[in-house]
Amino acid sequence: MNLEDYTVLDLTWLLPGPYGTMLLADMGAEVVKIEEPTRGDYARWLEPEVESTDSGALFHSVNRNKKSVTLDLKSEAGREAFLELAADADVVFEQFRPGVVDRLGIGYDDVREVNKDIVYCSLSGYGQDGPYSDRVGHDINYVGVAGLMNDTVSKDGTFPAVPAYQIGDKVGGMFSAFMITSALLDREAGNGGQYLDVSMTDVVASLSTGQSWRAFMSDELPEEERSPAAMEAPCYNVYETKDGKYVTIAPREEKFWDQFLEELGREDLTEYQFATGDDAEYAREELQSEFEKRTRDEWEEYLSDETMFAPINEFDEVFEHPQLRSREMVREMDIGDGEFSYVGFPAKSSSDIDDMRTPAPEFGEHTDEILSRVLSEERLDELEKNDVV
């Protein structure tokens with residue numbers, strides 16, 4: 001699990017790539033953020049700012065355990081310095097639009113000339129080829145193309161609803177980290193480096209694997225079975241409680257449905273588990289009337305662990321929930337004169353994962369430290385004089 005022997009040159013910003021490189025950094029990799037000298041990662045300047053710092057909360061949330069180097073990649077001197085760093089690195093991870101790194105002279109072929117074993121990952125919205133490859137976009141565009149929003153409907157079911165999380169960004173970054181780690185393992189097996197092309201749209205589409213049969217069999221299915229309403233079975237739904245909060249139930253297996261109804265005292269609904277049409281509406285109304293008898297917390301106390309029931313936490317409740325607290329998913333880091341809460345590494349291992357060695361780096365904090373590995377003091381001074389760093 002320890003990646004401390006690997007160095008990642010991180011050419012990403014905002015959320016997708018930084019989330020992926022944060023996961024690699026949490027596992028011990030040396031992640032070096034290469035930032036444009038006058039502005040750097042846009043997330044540094046997005047509000048709200050963290051007290052006692054001049055950086056935004058988003059930046060601190062996804063850039064722990066990294067180092068920051070400022071370098072003007074549009075200059076010839078900056079390009080040369082980057083390639084010298086790449087010669088000794090294990091990974092280059094970029095998030096530019098397709099073709100940009102090649103125009104800058106730091107693309108896969110350029111880096112491979114100085115390091116044939118490099119693992120080079122390109123993360124983009126739609127991938128490096130195809131009719132959408134040059135199209136600009138953000139998360140909502142990717143999840144729209146991938147079909148996720150078509151099944152994410154508003155409560156009244158009349159139009160697609162915007163997901164509360166940036167799903168494409170997060171899974172794109174996470175899948176990139178998975179691909180990079182896999183490529184490093186493949187390299188350790190003697191197969192050399194490789195180029196990785198990760199599309200956020202592709203990854204979101206992959207999340208539909210469990211439901212993809214609906215698309216592939218659409219010509220054979222009745223219209224009502226292709227509708228989002230088909231996902232609203234009484235046994236797999238959301239119900240409002242006495243205090244205006246919400247809970248989820250998911251007893252899709254017969255034994256769990258029977259257990260749930262027994263504890264609810266509503267065995268009369270046994271035959272309505274996967275009801276459709278008017279029957280489904282009747283069963284949902286009956287279950288809704290039951291859930292209105294207690295508050296959300298009272299239901300959590302009342303129902304057993306065998307009922308496939310869980311509360312819907314409001315966002316400010318998520319990280320106070322005893323399950324996440326017991327898993328140490330809420331951590332604290334020291335920043336400036338204060339503390340900043342953050343979400344910990346989302347897996348546990350018998351091999352130690354130190355997910356907080358250092359907070360997010362200050363802008364250009366490690367420029368001299370990193371570049372002095374490959375450049376002389378004279379060359380560093382010249383880069384600073386010419387505003388390349």
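This is a short dialogue on reading a helix, a sheet and a buried arginine in a predicted model.

Q: Let's begin with helix α10. Which of its residues are buried?

A: A good habit is to list the buried residues of a helix and then ask where they sit around its axis. In α10, which spans residues 254–264, the buried set is F256, W257, F260, L261, E263 and L264. These residues span an arc of only 165° around the axis, so they lie on the same side of α10.

Q: And which exposed residues does the face turned away from that buried side carry?

A: Look there for E254, K255 and E262, which are exposed.

Q: What do the buried residues of α10 pack against?

A: Here the idea is to go from the residues to the elements they touch. The buried residues of α10 pack against the strand β8 (246–249) and against two helices, α11 (277–291) and α12 (296–302).

Q: What backbone feature should I look for just after α10?

A: Check the phi angles past the helix end. G265, just after α10, has a positive phi of about 75°.

Q: Now the sheet. What is the order of its strands?

A: Read a sheet by its strand order, then by its edges. This one is an open sheet of three strands in the order β7-β8-β9, and the pairing is antiparallel. Because β7 (237–240) and β9 (309–312) each have a single partner strand, they stand at the edges, and one side of each has no neighbour in the sheet. From one strand to the next, the twist averages 30°.

Q: How many bridges pair β7 and β8?

A: Four bridges, in the antiparallel sense. To find one of them in the model, start from V238, whose bridge partner in β8 is T248.

Q: Which helix lies across β7, β8 and β9?

A: That is α11, and its direction makes an angle of about 45° with β7.

Q: Let's finish with R266. Where does R266 lie, and is R266 buried or exposed?

A: For a single residue, take its place in the chain, then its accessibility, then its partners. R266 sits in the loop between α10 and α11. Its relative accessible area is 11%, so R266 counts as buried, the cut-off being under 20%.

Q: With which side chains does the side chain of R266 make polar contacts?

A: One polar contact, of 2.9 Å, links the side chains of R266 and D268. Another, at 3.0 Å, runs from the R266 side chain to that of E290. Leaving aside residues up to four places away in sequence, R266 touches L261, Y282, E286 and E290. Of these, L261 also appears among the buried residues of α10.

Technical notes
Residues are numbered from 1 along each chain as its sequence is written. This is a predicted model: local features need pLDDT of at least 70, side-chain atom pairs count only at pLDDT 80 or more; totals for chains, interfaces and linings use all residues. Side-chain values use heavy atoms; hydrogens and water are left out. Buried means under 20% relative accessible area, exposed over 50%, partly exposed in between (1.4 Å probe, protein chains only). The arc is that of the directions from the helix axis to the C-beta atoms. Contact means heavy atoms within 4.5 Å. Two strands pair if DSSP finds at least two bridges between them. Axes are lines fitted to C-alpha atoms, for helices over the stretch in contact, and angles run from 0 to 180 degrees between N-to-C directions. A polar contact is a pair of N or O atoms within 3.5 Å; within protein, one must be able to donate a hydrogen and the other to accept it, and residues adjacent in sequence count only if both atoms are side-chain atoms.
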